[in-house]
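Work through the following exercises with the sequence and the model at hand. Each task is followed by a solution in steps.

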Amino acid sequence: MSDPSISKRPLIDNFGRTVKYLRISVTDRCDFRCTYCMAENMTFLPKKEILQLEEIAELARIFVNRGVKKLRLTGGEPLVRRDIMKLFEQLNHLHDVGLEELTVTTNGSQLRKHAADLVANGIKRINVSLDTRDAGKFAEITRWGRLSQVLDGIDAALDAGLKIKINMVALRGENDHEIVPMMEWAHEKGMDLTLIETMPMGAVDVERADQYLPLSEVRETLSNQFTLRDDHHKTGGPARYVRVEETGGRLGMITPLTHNFCEGCNRVRMTATGELYLCLGQDDKVSLRDLLRNEGPEAVDKMLDHAMDIKPKGHDFVIDRNVPQKSVGRHMSVTGG
Ligand code: SAM
Ligand code: SF4
């Protein structure tokens with residue numbers, strides 16, 4: 001039930017953009033250590049600072065009441081958080097009060113265990129991150145992951161009826177030669193593939209300039225081999241899509257560096273401790289956890305107006321050996337991808 005004491009004003013920022021999409025990092029912890037995402041030795045948030053599942057559900061309800069239509073759980077690895085299905089169960093009820101889509105981004109390691117429950121809790125589509133289908137390379141990139149477990153998880157999710165979009169971070173010299181086979185494999189299995197440019201977030205043990213592969217370059221190479229037609233498919237996220245005539249499948253590209261998409265930004269991100277970041281690439285934020293605990297939902301609702309006032313125009317990520325790197329200090333696993 002929506003709380004009648006809370007207003008239903010939409011979330012509109014100072015640039016006239018309406019926020020309809022909330023991504024929630026339910027944990028910053030993960031069973032993998034992908035080289036572009038985390039350092040091998042990470043310090044995680046103290047458990048006592050993490051929001052309870054009920055608090056996450058309560059905060060999500062406030063956002064839905066303010067016009068948010070899409071919720072994505074992410075992390076860290078969302079499916080490693082204990083009792084996570086209880087949260088999905090609670091969030092599923094928000095479909096009765098205006099939520100249109102509940103979804104998740106996962107590394108796939110726990111999908112075999114959770115696929116059927118995700119479907120039972122109203123999830124229809126999920127994103128699974130997979131940068132390579134070469135077992136040795138997979139172990140190298142994820143440091144701790146096992147490819148066979150993820151592939152098995154993907155099969156379990158497809159069998160359970162979930163639609164899957166594979167997210168692949170394009171890494172020069174590491175998986176660029178796998179883009180075409182990955183696309184053919186994904187399309188063959190009825191899955192979309194989205195390529196992502198690596199973003200300068202948090203200190204990692206690799207040189208980002210070595211890994212960075214501009215997708216403008218990839219698109220040019222692909223169009224020598226395939227017929228790519230612009231596709232106006234919208235998922236509420238930042239990807240732009242093309243339809244690949246030869247495979248019949250859809251290919252998305254997320255290009256924060258080569259093609260800034262901030263003018264159409266419709267989203268905000270909440271960390272596992274209830275910090276609401278207004279932009280993935282900036283530090284502007286408001287804290288919601290203590291407000292909720294000490295003052296209640298109305299105070300959170302009011303804070304969202306302030307959040308809209310300070311939402312920045314956009315990020316200014318740069319990865320260029322010759323230009324000082326512009327990045328944010330926190331890792332992607334804190335705010336969620
Ligand atoms: N653990 C889950 C997963 O891997 O799907 C969810 C969280 S992960 C942070 C979300 C997405 O962010 C993944 O697709 C991952 O590849 C991507 N990602 C992480 N660090 C990134 C970076 N520095 N640049 C671009 N994408 C990144
Ligand atoms: Fe974990 Fe996802 Fe980051 Fe890989 S990308 S370390 S799976 S949070």
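## Exercise 1: Asp83 and Arg143

Task: locate Asp83 and state whether Asp83 is buried, partly exposed or exposed.

Solution. Step 1: Asp83 sits in the loop between β2 (70–74) and α2 (84–92); helices (H or I, at least four residues) and strands (E, at least two) are DSSP runs, numbered from the N terminus. The model is predicted: local features need pLDDT of at least 70, side-chain atom pairs count only at pLDDT 80 or more, and totals for chains, interfaces and linings use all residues. Residues are numbered from 1 along each chain as its sequence is written, chains are lettered from A and ligands numbered from 1 in the order in which they are written, and side-chain values use heavy atoms, with hydrogens and water left out.

Step 2: Asp83 counts as partly exposed because its relative accessibility is 41%; buried means under 20% relative accessible area, exposed over 50%, and partly exposed in between (1.4 Å probe, protein chains only).

Step 3: the phi of Asp83 is positive, about 60°, although Asp83 is not a glycine. Arg143, in the loop between α4 (135–142) and α5 (147–159), is a residue other than glycine with a positive phi near 60°.

## Exercise 2: Strand β3

Task: describe the burial of β3 and its pairing with β2 and β4.

Solution. Step 1: β3 is largely enclosed by the rest of the structure, because six of its six residues are buried. On one side these are Glu101, Thr103 and Thr105, and on the other Leu102, Val104 and Thr106.

Step 2: four bridges pair β2 with β3 in the parallel sense; strands pair if DSSP finds at least two bridges between them. Val104 in β3 has Leu73 opposite. The path from β2 to β3 goes through α2, and this β-α-β crossover is right-handed, meaning that, with the strands pointing away from the viewer, the path from the first strand over the helix to the second runs clockwise.

Step 3: β3 is also joined to strand β4 (residues 125–129), by two bridges, and these strands run parallel. Asn127 in β4 is opposite Thr105. A right-handed β-α-β unit is made by β3, α3 and β4.

Step 4: take Glu101, which lies in β3. With a relative accessible area of 16%, Glu101 is buried. Its contacts (heavy atoms within 4.5 Å), leaving aside neighbours within four places in sequence, are Lys69, Lys70, Leu71, His95 and Arg125.

## Exercise 3: Ser109

Task: which side chain forms a polar contact with that of Ser109?

Solution. Step 1: Ser109 is found in the loop between β3 (101–106) and α3 (111–120). Ser109 counts as buried, at 6% relative accessibility.

Step 2: the side chains of Ser109 and Asp31 are joined by a polar contact of 2.5 Å. A polar contact is a pair of N or O atoms within 3.5 Å; within protein, one must be able to donate a hydrogen and the other to accept it, and residues adjacent in sequence count only if both atoms are side-chain atoms.

Step 3: not counting residues up to four places away in sequence, Ser109 touches Asp31, Phe32, Gln149 and Val150.

## Exercise 4: Strand β6

Task: which residues of β6 point one way, and which the other?

Solution. Step 1: β6 (residues 192–197) is mostly covered, with six of its six residues buried.

Step 2: Asp192, Thr194 and Ile196 point one way, and Leu193, Leu195 and Glu197 the other.

Step 3: strand β5 (residues 163–170) runs parallel to β6 and is joined to it by six bridges. The chain passes from β5 through helix α6 (residues 179–188) to β6 in a right-handed β-α-β crossover. Glu197 in β6 has Ala170 opposite.

Step 4: β6 also pairs with strand β9 (residues 250–254), in the parallel sense and over four bridges. Here Leu195 is opposite Met253 in β9.

## Exercise 5: The two ligand shells

Task: how many residues surround ligand 1, and which are around ligand 2?

Solution. Step 1: ligand 1 is surrounded by 19 residues, the closest being Tyr36, Gly76, Glu77, Ser129 and Met199; a residue is near a molecule or strand if one of its heavy atoms lies within 4 Å of it.

Step 2: a polar side-chain atom of Tyr36 lies 2.9 Å from an oxygen atom of ligand 1. For nitrogen atoms of ligand 1, the distance is 3.2 Å from a polar side-chain atom of Glu77 and 3.4 Å from one of Arg208.

Step 3: around ligand 2 are Cys30, Phe32, Arg33, Cys34, Cys37, Met38, Gly76 and Asn107.
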